[in-house]
Amino acid sequence: MKPFNVDLHIHSPHSISVSKNLNLDTMVETCKKKGLDIIGTGDILQPTWLKYMENNLLNEKDGIFLYKNVNFILQTEIEDKENIHEVVLLPDFEAARELQKKLKPFSKNLMNEWGGRPRVNLSPPELVDEVDAAGGLIGPAHAFTPFKAIFRQNKYSTLKECYQDSLKKVSFLELGLSADTYIADRMKSLKDISFLSNSDAHSEGPTSLGREFNRFEIEKPNFEEIVLALKRQRGRKIILNVGLDPRLGKYYNMFCNKCRRRIIFKTGKVKSYGFLSNYKIDVNFVTYLVSDPKIARKNYQKDVDKGKVICPACKNDFKKNIKIKLGVFERIEMISDYEQPKHPPHRPPYIDIIPLVEIIRKVQNIKSSKSKTVEKIYNDLINKLGVEFSILIDLPIKKISEVNNEIAIVIDSFRKGNIEVLTGGGGVFGEIKI
Ligand SMILES: [Zn+2]
Ligand SMILES: [Zn+2]
C-alpha cells in the first residue's frame with residue numbers, strides 16, 4: 001500500500017469566477033510542484049470541458065486518466081433542488097455521458113457555456129440515485145458553509161434528514177475550507193462517514209489547487225481503490241486530511257448578509273440603557289462590548305438562527321436583506337451534539353495548514369501572492385527540498401531550516417497547532433499572525 005495525495009474537487013473556466021488560464025497543462029505544472037498525485041477534472045458534465053478532457057486524457061486505466069504523468073479522475077459539482085452542492089466522481093466518459101443525458105431534462109444550464117456547476121431540479125435523494133445508477137460517487141460539498149450547503153442555517157442538521165433512504169449511497173462528506181475534523185466530529189450523526197478535504201479550486205495556481213487535500217493509502221491509483229478507501233475496506237483508507245484552519249476560512253464567524261461585516265463579542269463596559277447597546281463599527285467588524293462575551297454571543301446566535309437579527313451597521317437600509325447570518329462556528333454550535341469533538345477510531349488526523357506561497361508571503365510581509373520575490377523563494381525551496389506537500393507535512397523541520405529558518409519556524413508552529421490567527425467571515429479570508 002502506498003500514500004497518494006488527492007484533491008477531488010476543482011472547477012473549470014466554465015464556472016463563474018474561475019481563472020481563464022486553468023487547463024490541463026497549468027494544472028499539471030502545479031500538481032508537480034505540490035506533489036498532488038490524483039486530481040479531479042472539475043466540471044466534467046459541461047459539454048466543452050467534457051470534450052476537451054476526452055480529447056486529451058487518453059490513457060484510461062480503471063477509472064484513472066493520465067496527463068503528463070498526473071492522474072485525473074472525472075469529477076464535477078452539481079447543485080440540487082434544495083440549493084445544496086454535491087461533489088460527484090465518475091468512473092469513465094461513458095458514465096459521464098450517461099449522467100449528462102439523464103440530468104439534461106432537469107437542468108436549464110447543464111449544456112450551456114456556463115454550465116460548469118449545473119443546477120439540477122432533483123431532490124438530494126433523487127440526485128444521489130441518478131449518480132449511483134451511473135456508477136458514480138456522490139457526497140455533500142463544503143458541508144458547513146452558510147451558502148449552498150447541506151448544514152447551512154435553516155437547512156438540515158443530519159445527513160439522514162437530507163438523503164433519507166438514499167443515504168447508504170452517499171460515499172463521503174466534504175468538509176470545505178471553513179471546517180475541519182474538529183468541527184465535524186462534534187456531530188454524532190457523522191461518525192460513520194469518511195471526510196474529504198478538497199480545494200474547490202477556482203484557479204490553477206499553488207495558492208488554490210491542492211490548498212486542501214487528502215492523503216489516501218491505496219494499492220495504486222484507480223477508481224475502485226478510491227471507492228474502497230472511502231468505505232475503509234481491505235486496508236484501503238484515507239490516512240490524512242489537510243487543509244486551512246477553519247478560522248481562516250471565509251465564513252467562520254457570523255456576518256451581515258449585506259455589508260459583510262463580521263459580528264464579534266469582546267469584554268467591555270455595558271452602558272446602563274441596555275444589553276447590546278455598546279458596539280463599535282469599523283470596515284470589517286461590528287464589535288459588541290459586553291460583560292461576558294461567551295454568554296452574550298450564545299444568546300445572540302440563537303436569535304440569529306431564528307432569522308431575527310438585523311445588522312446594526314445597515315439598520316437604516318430597509319430595501320436590502322440586512323439580516324445577520326450564522327458562520328460555521330456558530331452554526332455548528334446550534335446543530336452539534338458535543339461541546340468537544342469525539343473522533344471515531346477510523347478518523348484520520350487533520351493538519352491545519354495554508355499553502356506554502358501564503359506562508360512565504362506572510363514571512364516576507366508582501367501583499368500579493370503573485371509577487372516575483374515570493375515566486376523565487378517558493379521555487380528555490382522546492383528545488384532544494386522537493387515537493388510542497390512534503391515540505392509542509394513530512395520533512396524534518398531541521399532540514400527546512402537549513403534552507404530557510406523563518407519558513408521552518410512557521411511550518412513547525414502549524415504542525416504543532418500553535419498558529420495565532422485573525423478569524424475570517426463574511427466572505428473575507430482570515431489571516432495568520434507571525
Ligand atoms: Zn460549491
Ligand atoms: Zn450590515
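Which residues form one aromatic cluster? In this predicted model, the members are Phe265, Tyr279, Tyr288 and Tyr300. The structure as a whole holds 12 aromatic pairs, and a few of them make a good starting point for a tour of the rings.

A helpful idea comes first: a pair of aromatic rings is described by how far apart the centres are and by the angle between the planes. Take Phe147 and Phe255, whose ring centres are 6.0 Å apart. With 50° between the planes, this pair is tilted. Phe147 belongs to the loop between β6 (137–140) and α5 (159–163), while Phe255 is part of strand β11 (residues 255–256). The two residues are 108 residues apart, and the pair thus links distant parts of the chain. The surroundings of the two partners can be compared as well: Phe147 is partly exposed, at a relative accessible area of 26%, whereas Phe255 is buried, at 0%.

Back in the cluster, Phe265 and Tyr300 make a pair with ring centres 5.2 Å apart. This pair is edge-to-face because the planes meet at 70°, and the cut-off for that class is over 60 degrees. Phe265 sits in strand β12 (residues 262–267) and Tyr300 in helix α8 (residues 293–305), so their pairing ties together parts of the chain that are 35 residues apart in sequence. Phe265 counts as buried because its relative accessibility is 12%, and buried means under 20%. Tyr300 is likewise buried, with a relative accessible area of 5%.

Rings can also have a charged neighbour. Arg347 lies over the face of Phe195, at 3.5 Å from the ring centre.

Notes: Residues numbered from 1 in each chain as written. Chains lettered and ligands numbered in written order. Predicted model: local features only at pLDDT ≥ 70, side-chain atom pairs only at ≥ 80, totals over all residues. Heavy atoms only, no water. Phe/Tyr/Trp six-rings, centres within 6.5 Å; stacked < 30°, edge-to-face > 60°. Helix = DSSP H or I, 4+ residues; strand = E, 2+ residues; numbered from the N terminus. Buried < 20%, exposed > 50% of the residue type's maximum accessible area, 1.4 Å probe, protein only. Lys NZ or Arg CZ within 6 Å of the ring centre and 35° of its normal.
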